[in-house]
Amino acid sequence: MFRLPKTSLRVPQSQGFRRLYHDTGVYGYRVPKEYKLPDYTETELANRREGGSLLRMVQAYRTYGHRDAHLDPLEITEREVVLALKPERYGMTDKKQVHSLAGILHVSDATDKGAKQEADTETILQHLKASYCGKIAYEFMHLPSASERRWWYHAVESWKKPPLTSGHKKRIHELLMKSETFDQFLAKKFPNVKRYGLEGAESMMVALDRLFELSAKEGVQDIVVGMPHRGRLNLLCDLLEYPHAALFSKMKGKSELPEGTFGSGDVISHLTNNPDLTYDGHSVNVSLLHNPSHLEAVNPVAMGKARAKQTDLLVSAGDNCHLGDRVMCVQIHGDAAFSGQGVVTESLCLSNLPHYSSGGSVHIVVNNQLGYTTPAQNARSSTYCSDIGKMINVPVVHVNGDHPEDVARAMDVVFEYRNRFRKDIILDLMCYRRWGHNELDEPGFTQPTMYNKIRDRTSVPRMYEEKLLSEKTLVPSDIEAVRNAQLQVLNKGLQEAADYTVPSTVHLQGAWKGIVHPVKGHQQVIDTGVAADVLEAIGLASVTPKGIKVHPRLKKYHIDSRLKKLEQKKGLDWATAEALAFGSLLKEGHGVRISGQDVGRGTFSQRHAMFVCQDTENAVIPLNEMGGQQRLLEVANSPLSEFAVMGFEYGMSIETPKNLVIWEAQFGDFFNGAQIILDTFLSSGEEKWLRQSGLVLLLPHGQDGAGPEHSSSRVERFLQMAVSSLDEMTPGTHFKPILEDPTIVNNDSVEEVVFVSGKLYYDLAKEKMAQQLTDRIALIRVEVSYTVSLPRYYLYSLE
């Protein structure tokens, strides 16, 4: 890799024009380390003033060079004449004129004492074109950080692209050839199966293999991958060690779930695996997540799972572990979905937020230059599909997928940026799709020109094979050996598929070991009570913020009111009961995270888990100051997003059942902004994938007169508004999913039973009393609702 001038490590102190929030000192507030390059020297600044024309031309190549690059493997995109790159515009007409390069252009390693200090115009132009207008192109001039832009100058211009070793080239060839042989084998053996193969985009395998290798060697322990259907089976079987017999068994109609489990299973393009991969003695675990058919919905889930892994490491590793050191999130996208799906924008919004960042995601866009049948001009309003990333100032590396060695080199710089700055970065892998959206589809109906070109093309593996043969890296027997070895593995897997048995260890392992599935009949009642003196101490601690000046209204109406109720041991409201629940869990060694819009204060100004000093705006979470061996409460005030934030919290929750993870809607009715997460992950994830989640949704309501989107009081709302006394939380008590009507004395007198949830109960109870219907109508409160799939699940019976 290239070398750079010495950098200084510092904690970010400002965010440009973005005002810093006041929770910088609370638990869970994490920001990546930041590198700051030294400014130009006085000599370099003087040369930049004197060489203004050269500087402007260099800056033009840095800004617009990508528009003249050779990125489209099909060469059907018309390349414009980029006037900004013409040297005449800058008076650079004398090809032999020698220019000083100090502070302007980096043509060799900046730490090299023999570095070139000057060059003539012709040499400079050749270097700029080679750096910015080849098979790799860059977009980074939109970055607001001067240090990051200067890093890119050095990376692109000083980077001496070393020739790949023979071993590297043979590895690339092996990946490409195995992928192509795999697709062709499936096409022959399973001609009627939609497999969403990788043909035309085989270089994705090169990019991911290189990324996994670099990560392992730099000490990354866990990589969490979210990806769609395209090329998923290739990745699973050729890199992620998914048994071919398991795949073929599934393709023959058998279930991918262990015998005796209750799940329904899913389609082959949603399968997963999580192997430990080893590169030169360095190991990294790669976890490919289950994905639904809803494109890009898995993105925030992957981010949340990566954050959960990173959070656990940060707790145990201390100050020597920074965000992104040991965990990395990788998101693979399709070009149409990346620019079209709103969850992408919502997820990008989370990337650099202190309570949601995991140290930067690597985004790989497998750019087919086509949606299902929709061409780019109808699929987006921007030039590139990757332009969506510019909303959070993400740099982009474009690369021509027909040139796998350039793909490997592009991934080198992608990983180096992410590893140094711990921010998101996009690799735009320009390729094509040899078949239609699936192999049974006819793309020529709508894209005849594109597919006439594709049908006549030599495949990427074959082109690279010819290159290696011409340069004597491989001989024909080497090629046949790779192909035959892959065919032998595939045929062996097909033979074993008939008797393949899914191991029982595919679920409920690791942190989930010991968890069991529900059984028929009544569930065991768990004593959730806590000693009264402990509850009183927690209640006191919850409203005793240390070292800050509290708002006087909070002192009177929140703090003093809670203390009075605790003293009387009755009349405890929802917020107090919630604080007691959080505090008791923390004391028992369970972490708690609550995320959502305004959760620190609460929509109705009821929670106040976070107090803000009226003098300094410093925030304090009193429940984190109880002392002892307690765990900590993370209060994550989220951006104005439901889809991505709920998906993120689902990802947090599937990592471990030992922590309580909560997503709260600003108003209960707003949950439907995340309906896709509810439908495809929360309500069906266990049925499809045997993946359990302990995510708790809080859907508060209660603002009468605010309109139908604020207080519908539908049955899925389960905010219990009051708890009658402290005695209902002491030992011997338990959570009651169903609350009987306390006014009914004789069940035989009941004529009608009404099931209600939330605050609507209190309105109905008041009206029932007013109409003297006490004994005739029973109001049964449903305090928790389950998503069920009968007959495999069983509800509580009412007796």
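This passage describes a helix, the nonpolar cores and the salt bridges of a predicted model.

A good place to start is helix α9, which covers residues 298-317. At 1.5 Å a residue, its 20 residues should span 28 Å, and the C-alpha atoms at its ends are indeed 28 Å apart, so expectation and model agree. The surroundings of α9 are also informative: 16 of its 20 residues are buried, and the helix is therefore largely enclosed by the rest of the structure.

Attention then turns to the nonpolar interior. In soluble globular proteins, nonpolar side chains tend to be buried together. Here the largest nonpolar core contains 92 residues, and those with the most contacts inside it are Trp152, Met204, Phe212, Leu247, Phe248 and Val397. Phe248 offers a handy view of this packing. Apart from its neighbours within four places in sequence, Phe248 touches Phe185, Leu186 and Phe190, and it is also in contact with Leu490, Gly493, Leu494 and Ala497. A second core, separate from the largest one, has 39 residues and includes Leu313, Phe643, Ala644 and Met652.

Charged side chains complete the picture. Side chains of opposite charge can pair when their charged atoms come close. Across the whole structure, a search finds 43 salt bridges. One of them joins Lys467 to Glu471, with 3.0 Å between the closest N and O atoms. Both partners count as partly exposed, Lys467 at 33% relative accessibility and Glu471 at 32%.

Two further pairs lie in helix α16, which comprises residues 476-497. Arg483 forms a salt bridge with Glu480, their closest N and O atoms being 2.8 Å apart. These two residues are 3 places apart in the helix, which means that about one helical turn separates them. Their settings can be told apart by accessibility: Arg483 has a relative accessible area of 12%, under the 20% limit, and so is buried, while Glu480 is partly exposed at 38%. The other pair is Glu496 and Lys492, whose closest N and O atoms are 2.5 Å apart. Being 4 residues apart in α16, Glu496 and Lys492 are likewise separated by about one helical turn. An α-helix has 3.6 residues a turn, so residues three or four places apart point the same way. Glu496 is partly exposed, with a relative accessible area of 37%, and Lys492 is partly exposed at 47%.

Finally, the bridge between Arg483 and Glu480 does not stand alone: both residues belong to a network of salt bridges that also links Glu180, Arg462 and Glu465.

Key. Residues numbered from 1 in each chain as written. Predicted model: local features only at pLDDT ≥ 70, side-chain atom pairs only at ≥ 80, totals over all residues. Heavy atoms only, no water. Expected span 1.5 Å × (residues − 1). Buried < 20%, exposed > 50% of the residue type's maximum accessible area, 1.4 Å probe, protein only. Core = buried A, V, L, I, M, F, W, Y, C linked by side-chain atoms within 4.5 Å. Contact = heavy atoms within 4.5 Å. Salt bridge = Lys/Arg side-chain N within 4 Å of Asp/Glu carboxyl O.
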